[in-house]
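Good morning, colleagues. I should like to take you through a few local features of one model, beginning as soon as it is on the screen.

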Amino acid sequence: MEDNNKDGESLIEHLEALRQMLLKCLISLCIILPISLIAAPKVLNVLIDLIIGNSKVTFNFFSPVEVFILQIKTAFVLDIIICFPYIAKKIWDFILPALYEHEKKFIKTTVLSSSILFILGAAFCICIILPLVVKFGMSFSSDNIHPVFGISNIINLTLWMSVAFGIMFQLPLITIALIKSGVISYESISDKRPYVIVIILILAALFTPPDVVSQLMLGIPTYLLFEIGLLFARKYQNKNSKNKEENNENSILTDSDSQGVE
């Protein structure tokens, strides 16, 4: 009976800690939201300038509140980005007490690397890929065909593709984590490169508009990142194998010394 009561109290304590964590994250988002709403118009203008680049194109809106709604969407995304470090800290503060010290160090490194890769993926999409997509679309213009870009379509595409690139840029970490945890070996995953390429192309098709150019622009960098992840995983596996060999040699020497003493 006492064990059941302790388990019940422990569950209630964990649920209360979870509630407190979620509440603090929500409060942080509410506090920063007014700042994000003020900054959203300028951020939206910067975003449009980056997408347009050197292209002679203008974005059009077709309803009185269309731009206002886009500013609100931008504010929410900006709010999440600004609060992300605090939210991530609270989430890991909730999870980390149940882990060992070496697991805490690995997860902290992984979370930091994941955040950096997500930002790099989104920045790569906004600064390089989307301007190329706009130029590619304008290449079809002629005397009888004039491009008219709706701002909602472009910004929604930007937000969606930025998230897609940020997610796909996590592939090196996923590869390293799978090999490091022993779920799959380096040799087995390296031998399955053709299957990996097919999976990457399928995911790129799901995450991008239905055109080959966007799919290749996402698929090619993702595959290169997969190879980078394999490279780091191979170094880790070689280092781990070397450490095991040294430990085995030391244990053999220790056993022989103990036998000599006897």
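I220 is located in helix α8. Please keep in mind that we are looking at a predicted model. I220 belongs to a nonpolar patch on the surface, together with I197, L201, V212, L216 and L224. The accessible area of these residues together is about 530 Å². Which helices each supply at least two residues of the patch? They are α7, spanning 193-207, and α8, spanning 212-261. The largest share comes from α8, which provides four residues.

Let me turn to a buried acidic residue. E66 lies in helix α2, which covers residues 66-95. What is the nearest side chain of opposite charge to E66? It is K73, at 8.8 Å. Because a salt bridge requires a side-chain nitrogen of Lys or Arg within 4 Å of a carboxyl oxygen, that distance is too long, and E66 is buried yet has no salt bridge. The side chain of E66 does, however, make a polar contact of 2.4 Å with the side chain of S152.

Finally, the cysteines. How many disulfides does the structure hold? The number is zero. For C30, the nearest cysteine sulfur is that of C83, 9.1 Å away, and C30 is in no disulfide. C125 is likewise in no disulfide, the nearest cysteine sulfur being that of C127 at 9.2 Å. For reference, the cut-off for a disulfide is a pair of cysteine sulfur atoms within 2.5 Å. Is C125 buried or exposed? C125 is buried, since its relative accessible area is 0%.

Definitions and conventions
Residues are numbered from 1 along each chain as its sequence is written. This is a predicted model: local features need pLDDT of at least 70, side-chain atom pairs count only at pLDDT 80 or more; totals for chains, interfaces and linings use all residues. Side-chain values use heavy atoms; hydrogens and water are left out. Patches are made of residues with over 30% relative accessible area and no salt bridge: like charges are joined within 9 Å, nonpolar side chains (Val, Leu, Ile, Met, Phe, Trp, Tyr) within 5 Å. Accessible areas come from the Shrake-Rupley method with a 1.4 Å probe; for residues, only the protein chains shown count as cover. Buried means under 20% relative accessible area, exposed over 50%, partly exposed in between (1.4 Å probe, protein chains only). Lys and Arg count as positive and Asp and Glu as negative; His and the chain ends are not counted. A polar contact is a pair of N or O atoms within 3.5 Å; within protein, one must be able to donate a hydrogen and the other to accept it, and residues adjacent in sequence count only if both atoms are side-chain atoms.
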